[in-house]
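Trainee: Got a few minutes to walk through this one with me? I'd like to start with how the helices sit on the strands.

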Amino acid sequence: MKTSTHLNHRLQPVDGKNTKERPGTHLCVLQTSLLKLPSHFVASRFRTTPRVQHWNFPPSLNRRGGHRSAGCRAGRRVFSAPSYSPRISIGSWHTLVLLLWFWLGSDAFGQGSKSDYERAFNLRKNTENKVHNLKLDVSWLTNSSHLWYRRELPSERSEFILVDTATGAKRPAFDHAKLATALTASSGKEARPDNLPISNLRFAEDIKSFTFANEGKSWRCDASTYELRESKDSALKLESDESLRASKRTGAETTIVFANQTMGGVEIFWLDTDGKRQSYGRLGAGERKSQHTFAGHVWLVETREGREMGRFMARELTTVAEIGENSTRRSSRRRPESDAASGNASPDKKWISFIRDHQVVVRERETGKETQLSHDGGLGEAYSEELSWSPDSTKLVGVRVTAVAPHKVTLVESSPSQQVQPLVHTYDYFKPGDKLPHPHPVLFDVTTRKGTPIKEDLFQNPFTESGRMEIRWFTNSSRFTFVYNQRGHQVLRVIAVNADTGEPSAIVDERSETFVDYSGKQFSHWMDASRELIWMSERDGWNHLYLYDSATGRVKNQITKGEWVVRGVDRVDDMTRKIWFRAGGVIPGQDPYHVHFCRVDFDGSDLKVLTEGDGTHALQWSPDNRFMVDSSSRVDNAPVHELRQADSGKLITELERADWSKLLKTGWRAPERFTAKGRDGVTDIYGVIYRPSNFDPAKKYPVIEYIYAGPHDSHVPKGFAPVQGGWAMEMAELGFIVVQIDGMGTSNRSKKFHDVCWQNIGDSGFPDRISWIKAAAATYTCMDLNRVGIYGGSAGGQSSTRALLAHGDFYKVAVSDCGCHDNRMDKIWWNEQWMGWPVGPHYAEQSNVTQAHRLQGKLLLTVGELDRNVDPASTMQVANALVKADKDFDLLIIPGAGHGSAESPYGRRRRADFFVRHLLGVEPRALP
């Protein structure tokens with residue numbers, strides 16, 4: 001018998017005993033490489049005597065899993081087998097698999113099957129539009145006396161509701177039948193009263209008429225006669241905002257109308273969540289285009305030569321983006337030095353300031369006389385375009401910037417669509433440790449023509465990638481201020497400069513032995529009339545608000561206090577001296593990540609929690625801020641929408657309660673909230689558990705963690721969604737239990753909780769995560785901790801690889817997409833914020849590159865070759881280190897893809913396949 005045509009059939013004693021003690025009893029070991037099954041699937045007992053025999057299989061292969069009756073105990077399947085020799089030819093191994101299939105039953109290998117994949121990858125499609133009134137986008141009269149919204153009803157019906165905000169009385173917004181009749185007559189198309197094809201509904205202040213859009217036309221309707229007249233003014237105009245960089249949310253479906261008012265053609269781009277452009281065609285001179293979109297999506301318009309004409313964010317109502325020569329707000333990018341036609345006008349309109357030949361120049365508008373104020377600007381020391389006038393027009397602040405050579409990142413596009421040969425792309429991208437531009441403020445007196453450099457003792461080492469300084473003048477022109485963020489992020493100061501002497505002083509001097517979270521927890525509100533400042537700080541160990549005397553820098557009082565955090569400020573009323581803000585952990589006993597809305601007085605008194613219930617909240621404010629629509633939900637509880645008074649939080653009326661009955665009929669399973677103790681045995685760690693819709697509690701399921709441990713935020717979802725982000729629910733459908741956890745080192749808890757990440761990104765909260773998963777498995781025996789996987793992208797890509805390097809005894813399989821595997825290779829602001837400056841040995845210690853030799857388990861690295869968010873070389877350097885360490889791993893490079901390549905259809909499928917093969921032990925989609 002040739003080994004090339006037969007399976008390995010070495011005979012070994014059963015249970016380690018000599019075969020002579022038990023004649024005819026042998027152990028047959030099947031080569032797992034040929035069957036493509038893990039070894040623990042095929043170490044099975046054959047007995048050559050013709051009697052009832054036993055094969056050992058892990059419980060996951062049982063028909064229903066776990067303990068069985070009627071011949072199956074503790075994962076052991078019982079069947080009759082004939083007496084035969086254990087020699088099995090390769091040509092008949094398919095027959096063996098088929099026999100196993102019939103012996104074990106049709107669902108023994110059900111996980112990872114073709115039907116599982118179809119169910120998983122169609123989950124979003126099959127659950128969309130299955131929750132009525134999931135979102136409630138309300139509109140208000142300008143005086144806030146009424147609001148209205150569209151209520152969703154079963155069987156694809158809907159109606160519009162008008163609400164009296166004072167009494168909470170609700171009624172149909174108009175006679176739907178009469179409007180349907182009028183609209184049918186006017187448009188020539190039948191309109192159903194229970195599903196009117198209208199959008200952009202707006203009422204007149206007296207509610208006696210309203211306007212709406214239908215089939216690209218705008219109509220005005222008399223509410224008493226239902227006479228329709230075509231209207232020209234129902235679409236709102238959008239202002240361009242150059243600060244828009246990417247689509248941040250996907251709200252209700254809507255329409256944005258692009259109106260090209262230029263003499264040339266333009267091109268329209270959608271900016272996705274990574275800021276990547278997707279072209280949606282061109283628009284000729286004078287043309288208009290109605291573009292379907294979603295509220296919150298960002299659109300960019302450029303000339304065919306690449307000159308930006310505007311950036312627009314779609315709103316819930318139909319809007320018009322007018323594209324003209326003056327569409328874009330004043331850009332922060334440097335204009336050509338010769339262009340001084342408009343410049344920067346002084347408040348009294350007597351002067352124009354501008355930059356010429358790197359110097360600050362002013363021109364008298366009346367006489368045209370020009371004066372050069374600065375003489376120290378030059379190549380590499382030029383003054384920026386940001387010139388700031390004092391309110392009284394006598395002073396001017398210029399910023400001279402010491403420039404540095406940019407850090408260039410080079411990408412090669414292997415397969416460009418426009419040519420055969422590869423394309424090389426380069427772009428500027430500062431990385432940790434790079435030299436940065438240094439801004440130097442200079443105070444100019446326009447009347448005396450003198451400049452005063454500001455002593456830099458209090459701001460010697462600023463962190464800035466642009467060289468800009470945000471100058472703010474006091475209304476009486478006595479001082480100007482700016483925020484100084486010291487490189488290393490352990491000092492954050494508010495600097496005030498005397499406008500007469502140029503003498504600087506620190507109003508606020510924030511310090512930390514770890515880091516000041518300037519990027520996520522900075523807030524300031526100036527009140528010049530009362531000479532006060534509201535400032536946000538974590539100085540007492542929790543993120544809170546403080547009231548400062550802005551003249552002396554003295555803290556007058558702490559406004560908010562307690563073992564909870566301010567998550568953000570929505571509104572400050574200087575007249576009533578009240579603050580409306582978001583808080584986490586403010587209600588004892590609730591998940592501390594739930595967002596509640598609160599109100600407090602400047603002196604810290606009369607703290608009022610405005611929202612109720614055990615859930616997380618989102619608000620829509622009325623135009624005059626007297627009312628709010630509160631939408632509350634949890635991952636396991638559909639939203640409730642309520643109208644409340646903004647000052648007291650008093651409930652006026654419940655508007656709608658989301659109906660998820662259709663969703664539940666699909667077999668959808670809500671995520672389960674789970675809490676366990678962290679590494680210290682004291683701190684509560686919060687997470688969620690996703691189970692497949694066909695979950696069987698008697699089975700054993702591999703566990704996969706979807707990880708994102710970026711310190712800039714917390715990441716476990718708290719609000720309701722039919723399908724949560726990150727494809728966690730889809731992965732569960734393949735036959736896994738998927739979990740998400742916020743471990744120590746992430747944000748929105750105490751400063752101590754957050755500080756775990758400092759110079760310690762590689763920790764990723766793993767001691768807390770592993771403790772949490774073990775606690776969950778102790779509660780739910782269906783979780784198989786012998787088969788634990790992990791996946792994530794970007795910072796999650798770094799963490800998921802780190803799991804196999806530092807915790808390979810627990811995590812067995814990882815898929816890491818576009819990871820910032822070495823914090824020296826990623827963007828400067830994010831990494832120096834948590835890892836500090838200067839770059840020290842801890843950067844190397846935390847690197848997946850230097851730790852690659854410690855790899856255990858199965859690893860798939862994926863990366864897009866055109867990733868501009870995280871340098872793709874970061875992934876390739878890990879691959880290089882793994883090769884040098886002679887470690888087996890898989891690498892997938894997706895041509896033309898950017899950041900988040902694993903979220904493409906192909907990337908998702910490959911990720912799923914990897915876990916199915918290595919955790920379920922089956923060939924993906926091999927069975928129906």
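Trainee: Which strands does α10 lie across?
Mentor: In this predicted model, α10 lies across β48, β49 (684-690), β50 (701-706), β51 (737-742) and β52 (783-793). Relative to β48, the helix runs at about 115°.

Trainee: And α11, what does that one lie across?
Mentor: Helix α11, residues 795-806, lies across β52, β53 (813-817) and β54. The angle to β52 is about 145°.

Trainee: What's the strand order in that open sheet of eight strands?
Mentor: The order is β48-β49-β51-β50-β52-β53-β54-β55, and the pairing is mixed. At the edges you find β48 (672-677) and β55 (890-894), each of which pairs on one side only. On average, neighbouring strands in this sheet are turned by 20° against each other, direction ignored.

Trainee: How do β54 and β55 run, parallel or antiparallel?
Mentor: They run parallel, with five bridges joining β54 (residues 858-864) to β55. For one residue pair to look at, Gly864 has Ile894 in β55 as its bridge partner.

Trainee: Now the packing. Which residues touch the most other members of the largest nonpolar core?
Mentor: Those are Ile737, Val739, Trp772, Ile773, Met783 and Tyr811, in a core of 41 residues. Helix α10, which spans residues 766-779, gives the most to this core, with six residues. Apart from it there is another core, of 38 residues, including Ala658, Trp727, Ala897 and Ala912.

Trainee: What does Ile737 touch, leaving out residues up to four places away in sequence?
Mentor: Its contacts are Ile689, Tyr690, Arg691, Phe695, Tyr701, Pro702, Val703, Ile704, Cys782 and Met783.

Trainee: Switching topic: how many residues does α6 have?
Mentor: Helix α6 has 12 residues, 176-187. From first C-alpha to last it reaches 16 Å, close to the 16 Å expected at 1.5 Å a residue.

Trainee: Which of the α6 residues are buried?
Mentor: His176, Leu179, Ala180, Ala182 and Leu183 are buried in that helix. The buried residues of α6 pack against β8 (157-164), β9 (170-172), β11 (209-214), β12 (217-222) and β13 (228-231).

Trainee: What caps the N-terminal end of α6?
Mentor: Asp175 does, with a side-chain oxygen 3.1 Å from the backbone nitrogen of Ala177. Just after the helix, Gly188 takes a positive phi of about 80°.

Trainee: Okay, β45 next. How many of its residues are buried?
Mentor: Eight of its eight residues, 627-634, are buried, and the strand is mostly covered.

Trainee: Which way do the β45 residues point?
Mentor: Phe627, Val629, Ser631 and Ser633 point one way, while Met628, Asp630, Ser632 and Arg634 point the other way, and all are buried. That fits the general pattern: in a regular strand, side chains alternate between the two faces of the sheet.

Trainee: What about β44, how does that pair with β45?
Mentor: Strand β44 (residues 616-621) and β45 pair in the antiparallel sense over six bridges. Trp621 stands opposite Met628 in β45. The hairpin of β44 and β45 has five residues between the strands, and there Asn625 takes a positive phi near 65°.

Trainee: How many bridges are there between β45 and β46?
Mentor: Seven, again antiparallel, with β46 covering residues 637-645. β45 and β46 form a hairpin with two residues between them. Across that pairing, Ser632 stands opposite Val640 in β46.

Trainee: There's also an open sheet of four strands. What order are they in?
Mentor: The order is β36-β37-β38-β39, with antiparallel pairing. β36 (524-527) and β39 (554-558) stand at the edges with a single partner strand each, so one side of each is left without a neighbour in the sheet. The twist averages 25° from one strand to the next.

Trainee: How many bridges do β36 and β37 share?
Mentor: Four, in the antiparallel sense, and β37 spans residues 532-537. One bridge pairs His525 with Ile534 in β37.

Trainee: Last one: does Lys248 count as buried or exposed?
Mentor: Lys248 counts as exposed, because its relative accessibility is 69%, and exposed means over 50%. The residue lies in the loop between β14 (236-238) and β15 (253-260). Lys248 and Gly275 are 27 residues apart along the chain, and their C-alpha atoms are separated by 9.4 Å.

Key:
Residues are numbered from 1 along each chain as its sequence is written. This is a predicted model: local features need pLDDT of at least 70, side-chain atom pairs count only at pLDDT 80 or more; totals for chains, interfaces and linings use all residues. Side-chain values use heavy atoms; hydrogens and water are left out. A nonpolar core is a set of buried Ala, Val, Leu, Ile, Met, Phe, Trp, Tyr and Cys residues joined through side-chain atoms within 4.5 Å. Buried means under 20% relative accessible area, exposed over 50%, partly exposed in between (1.4 Å probe, protein chains only). Contact means heavy atoms within 4.5 Å. Two strands pair if DSSP finds at least two bridges between them. Axes are lines fitted to C-alpha atoms, for helices over the stretch in contact, and angles run from 0 to 180 degrees between N-to-C directions. The expected span of a helix is 1.5 Å times one less than its number of residues. A polar contact is a pair of N or O atoms within 3.5 Å; within protein, one must be able to donate a hydrogen and the other to accept it, and residues adjacent in sequence count only if both atoms are side-chain atoms.
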